[in-house]
Each structure stands twice: as structure tokens, then as C-alpha cells.
Amino acid sequence: MLAVLSVLLLFSSGPVCCVLQNLYCAFSDSCDCDFKPRVKDLEWDLYKNVFGQHLAQDIVSEEVARFLLNKSPDQPLVLSFHGSTGTGKTLVSTMLGNHLYGSAMSSPFVHQFVPTLHFPSAERVNQYREELKSWVKGNLTGCARSVFIFDEMEKMPPGLIDVLEPFLGPSHVVFRTNYRKAIYIFISTAGQEVITQVVLENRQAGQERDEIKLSHLQEALAQEVYNNKTSGLFQSSIIQQKLITRFVPFLPLTRTHVERCVRSQLCQRGICNRSDVVEAVGGDMIYTPAEGRYFSTTGCKTVSAKISVFL
């Protein structure tokens, strides 16, 4: 029956196509049925719930929208998130999964990798390379719209990630599938020093944080990640071949941003009016550098635990 419906869909249009599509999806577990991108909702989520990250908000929303509008992209969307702990990198990757698939991050077509869990031994890199290549190939064959999220890239065994190079380039067909509709997200703290230095210089010059442009960071960040032995992308052919669509900098958070995180989480608990808790948590964070104490060393990462202490 599914085979018949799939053939009918190819030759249908308008209301008939919609009816057939709904009927097909009632019986199928195809990723096309679960793939329900809500770009406007993603943009709203980014701008409402991610604090202090005007660059990441703009880059992610624009690149995802542009990529999804193209019915036949030249190559996959590859975004590399960089910044210090607690600045929103994992949060944004979760938002992406939530707004692309109907079943959100629980979708079988959103795949997450954590090096300490999936690739724990540096001595087994060759084995991991074969396994990762086979696994990505298999999932792309099953769903061209797959999303792959690689967290904690700084803990990735050197040389492992380069096995993805054939999947990231502009070739039209690799391994018998159109893999150019996939999305890859790399998440790392590598490059945080470069980012922090630019933000610090901006602040010391008396400029507004929103005046920081991607052009101030893109090339320096790419070079830092490429030359960083613990970035997971050290001297990577993926960077050499310019296969990363955008390096996305996540800026260090100030006390104002931390307190916005606190207030947001309090509101989620139904107690928005606890300004005393907002101030207490903000004041309990550790800030750097020693002269100035501008940036939270843990961003918003420990906010939830600290709220529980001060409630």
C-alpha cells in the first residue's frame, strides 16, 4: 500500500496531494512525514530565550531559513558553535531540533554524539572512523533530512571527524543518496579565548556589544580552531576545504545576561516577581577578568541549581 501511495504522490498536486500525503504518513515512519520545519518559531525562540547572543541569533536563523528555502542545496548546512561554558550553544542546537521535526529532539532523525560516550578511547580512532562513516551513511540513506549534532568537540579524538568530509562537500551523489539536505552542528569551547578578547576590547573601547560583527571574529575563530590541538578540528580537512558554512561565536555573558536567565527560569516556575533571587544568583556568580569582572565564568549553566539554593 505504501508503495502505491508513494507513486500516486509523485503524480498528484493540490488538495489531492495533501490527502494522499496525510494517508501516506498515517502508515509510514518516513522522515518526510516528521519533518515539519517551523522557521518563524525557531526565530522567535532564539530571540526570546537566548540572551546576549545577537550574532548566534542572526546567523542561525538566517542560515537555517536560507538552507530550507533551497529545495536543492549545493551542500549540507554545517554550523560550528564556539564559546565558553553556559553561553547557549547546546540550547540553540536543541531549539533547532525542536523546530525542524514534529517529534522534536526525540525524533529518530536527530542524532546526537558525545565523544566521552560514543568515542571514549583515542586508541580506537580507526575503528570509530569506520563506525561513524557507516552510521552516518546508513542514516542519510534512510533520511536525507537527518540532523547530526556533535557536542563537546574539544573531547573528540584527533582525526576522527574528518571521516565526514565526503558527506559535507558539494558533490551531487555520494553513497547512492542525496546527502546535501542534511544539517551538521559542531559544538565546542575551542576558540573561547579569541571570542572573549574581542568582546573585552569592544567593552574597553566603550562600544555597544551589539556593534560586534561576525567579520570581527570569523577568520580569527576559524584559524584558532584549526590550530588548536584540542578543538576536535585540529588541522582538519573539513576546515581546509571550507566545508563549514559558518563558525558561530557565542559571546561571554555579563551579569545582566545571567540575571535575565534567572528571571526567565523563575517565570517558568511561576514566580517572576522574585527580584531578590535574581539579584542573589547574579551576585553569587564568579566573573572575570580580575580587573573589571565583566563575564560569568559559567555563563548561565549553574543558574538552575543556584535558584534552588536562594528560593
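A residue is called buried when its relative accessible area is under 20%, exposed when that area is over 50%, and partly exposed in between, using a 1.4 Å probe and protein chains only. The model is predicted, so local features need pLDDT of at least 70 and side-chain atom pairs count only at pLDDT 80 or more, while totals for chains, interfaces and linings use all residues. Residues are numbered from 1 along each chain as its sequence is written, and side-chain values use heavy atoms, with hydrogens and water left out.

**Exercise 1. Find the three disulfides, and decide for the cysteines whether they are buried or partly exposed.**

Solution. Begin with the criterion, which asks for a pair of cysteine sulfur atoms within 2.5 Å; the structure holds three such disulfides.

Step 1. Take C261, which counts as buried at 10% relative accessibility, and C300, which counts as buried at 12%. The sulfur atoms of C261 and C300 are 1.9 Å apart, and the link is right-handed, with 80° about the S-S bond. Because C261 lies in helix α13 (residues 255-268) and C300 in the loop between β7 and α15 (303-310), this pair ties together parts that are 39 residues apart in sequence. Helices and strands here are DSSP runs, numbered from the N terminus, with helices being H or I over at least four residues and strands being E over at least two.

Step 2. Turn to C31 and C143, whose sulfur atoms lie 2.2 Å apart. The torsion about their S-S bond is about 95°, so this disulfide is right-handed. The pair links distant parts of the chain, since C31 sits in helix α3 (residues 31-34) and C143 in the loop between α8 (125-142) and β3 (147-150), 112 residues apart. C31 is buried with a relative accessible area of 4%, and C143 is buried with 1%.

Step 3. Finish with C267 and C272, joined at an S to S distance of 2.1 Å. C267 is partly exposed at 34% relative accessibility, and C272 is partly exposed at 36%.

**Exercise 2. Work out the order of the five strands in the open sheet, and say which strands stand at the edges.**

Solution. Two strands are taken to pair if DSSP finds at least two bridges between them.

Step 1. Following the pairs across the open sheet gives the order β2-β3-β4-β1-β5, with parallel pairing.

Step 2. The edges are held by β2 (110-113) and β5 (246-250), each of which has a single partner strand, so one side of each is left without a neighbour in the sheet. From one strand to the next, the twist averages 15°.

Step 3. Look at one pair in detail: β1 (residues 77-83) and β5 run parallel to each other over five bridges, and G83 stands opposite F250 in β5. Helix α5 (residues 54-69) packs on the sheet, touching β1, β4 (183-188) and β5, and its direction makes about 150° with that of β5. Contact means heavy atoms within 4.5 Å, and angles run from 0 to 180 degrees between the N-to-C directions of axes fitted to C-alpha atoms, for helices over the stretch in contact.

Step 4. Although β5 is an edge strand, four of its five residues are buried, so β5 is largely enclosed by the rest of the structure.

**Exercise 3. Describe the largest nonpolar core, and find what F150 touches.**

Solution. A nonpolar core is a set of buried Ala, Val, Leu, Ile, Met, Phe, Trp, Tyr and Cys residues joined through side-chain atoms within 4.5 Å.

Step 1. The largest core has 73 residues, and those with the most contacts inside it are F81, Y101, L132, F150, I161, L164 and Y184. Helix α5 gives the most to this core, with seven residues.

Step 2. Leaving out residues up to four places away in sequence, F150 touches F113, L132, M156, I161, L164, Y184, I185, F186 and I187.

Step 3. Another core, of 14 residues, lies apart from the largest one, and among its members are F51, L253, V262 and M285.

**Exercise 4. Describe the surroundings of S296.**

Solution. Step 1. S296 lies in strand β7 (residues 295-296) and counts as buried at 5% relative accessibility.

Step 2. Leaving aside neighbours within four places in sequence, S296 is in contact with L253, V258, M285, I286 and Y287.
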